[in-house]
Amino acid sequence: MLEAALRYLENKPACPHCKDQLTLCHAPPMHVGDGLGWGSEYLFICLNNECTLYVNGWDFVDVQYGHVGSYRHMEIPGSKETYNMMVAGQSAYTGSIVDVEALKKQNARYQAEKVATAALDTCLEENNLEPVLALLTDNAAAPEGRKRAAALLVPLNDINCIESLRNQEYGNNHIEQDINMAITKILAAHFLRECPFCAELIKSRAKVCKHCRTELK
Ligand SMILES: [Zn+2]
Ligand SMILES: [Zn+2]
């Protein structure tokens, strides 16, 4: 849905009545006329107040239906469907204009999540920590994928995961517990621990931290 809208946006769709570029809007929850859904989360609408369809629509609606209203040109992204959509006033749909930059970012994040999730299947044999870290440091990623990623930390046994993982706020207790447990195991497997004073990695049996020089028990 989102991808179709963004792809359509690349074509810079224009209004056939005024040639102005159409604006991407969130679809209202219901079809205004007959109560059916639009079948799309997004609509492209001509919001140009000088658009001939819109300017001439007031008289047309008045004569035809005897009430106040006009039309806006509308297209559904990814389909060939276009509509003259009745509006009651100038501000209709202006409150549902999509923040395109935010939407592109959201889409890029989602695409990266898909790639990382697919890469989990082969990351062990490739010794590739990257997709695991990508999912664990992306709090918007799906919990199932992140749980799978967390379960791969110990088998990957890569000490380089610790810095990124320790610098992340998870906002999810299950994931955080899984990660903390994995870090404990990875440290033990490398005969390392984190200095309780400066958090740098040191040998398990060190008596003095080589980084902060604190005496350790
Ligand atoms: Zn127009
Ligand atoms: Zn230290």
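**View 1. An open sheet of 4 strands in a predicted model.** The structure shown is a predicted model. Its strands follow the order S1-S2-S3-S4, and the pairing is antiparallel. Strand S1 (23-26) and strand S4 (82-87) stand at the edges, each with a single partner strand, so one side of each has no neighbour in the sheet. From one strand to the next, the twist averages 45 degrees.

**View 2. The pairing of S2 with S3.** Strand S2 covers residues 42-45 and strand S3 covers residues 70-75. The two pair in the antiparallel sense over 2 bridges. Phe44 stands opposite Glu75 in S3.

**View 3. The S3 and S4 hairpin.** S3 and S4 are paired over 6 bridges, again in the antiparallel sense. Tyr71 has Met86 in S4 as its bridge partner. Between the strands of this hairpin lie 6 residues. Gly78 takes a positive phi there, near 80 degrees.

**View 4. Helix H2 across the sheet strands.** Helix H2 is formed by residues 52-65. The helix lies across S3 and S4. Relative to S3, H2 runs at about 135 degrees.

**View 5. Thr82 in strand S4.** Thr82 belongs to strand S4, one of the two edge strands. Is Thr82 buried or partly exposed? Thr82 has 15 C-beta neighbours inside 10 Å, so the residue counts as partly exposed. Beyond its neighbours within four places in sequence, Thr82 is in contact with His73, Met74 and Glu75. Glu75 is also the residue that Phe44 stands opposite. Trp38 is 44 residues from Thr82 along the chain, and their C-alpha atoms are separated by 12 Å.

**View 6. Cys25 in strand S1.** Cys25 lies in S1, the other edge strand. Cys25 counts as buried because 20 C-beta neighbours lie inside 10 Å, and the cut-off for burial is 20 or more. Setting aside neighbours within four places in sequence, its contacts include Tyr42, Leu43 and Ile45. Tyr93, Ser96, Ile97 and Val98 are also in contact with Cys25. Asn128 is 103 residues from Cys25 along the chain, with 40 Å between the two C-alpha atoms.

**View 7. Helix H1 against helix H3.** Helix H1 (residues 2-10) packs on helix H3 (residues 100-123) at an angle of about 125 degrees. Their axes are 11 Å apart. That angle makes H1 oblique to H3. The crossing of H1 past H3 is left-handed. H1 makes the contact through Leu2, Glu3, Leu6 and Leu9. From H3 come Val100, Leu103, Lys104 and Asn107.

**View 8. Domain 1 and domain 2.** The domain assignment splits the protein chain into domain 1 (2-96) and domain 2 (113-189). Their C-alpha centres lie 45 Å apart.

**View 9. Helices H5 and H7.** Helix H5 spans residues 143-156 and helix H7 spans residues 173-189. The two axes come within 8 Å and cross at roughly 10 degrees. H5 is therefore roughly parallel to H7, as angles under 35 degrees count as such. On H5, the contact is made by Arg146, Lys147, Ala150, Leu153 and Val154. On H7, the residues are Ile175, Asp178, Ile179, Ala182, Lys185 and Ile186.

Terms used:
Residues are numbered from 1 along each chain as its sequence is written. Chains are lettered from A and ligands numbered from 1 in the order in which they are written. This is a predicted model: local features need pLDDT of at least 70, side-chain atom pairs count only at pLDDT 80 or more; totals for chains, interfaces and linings use all residues. Two strands pair if DSSP finds at least two bridges between them. Axes are lines fitted to C-alpha atoms, for helices over the stretch in contact, and angles run from 0 to 180 degrees between N-to-C directions. Two residues are in contact if their C-beta atoms, placed from the backbone, lie within 7 Å. A residue is buried if 20 or more other C-beta atoms lie within 10 Å of its own, exposed if 12 or fewer, and partly exposed in between; C-beta atoms are placed from the backbone. Domain bounds come from an automatic or database domain assignment. Angles under 35 degrees count as roughly parallel, over 145 as roughly antiparallel, 65 to 115 as roughly perpendicular and the rest as oblique. A crossing is left-handed if the near helix is turned anticlockwise from the far one by less than a right angle, and right-handed if clockwise.
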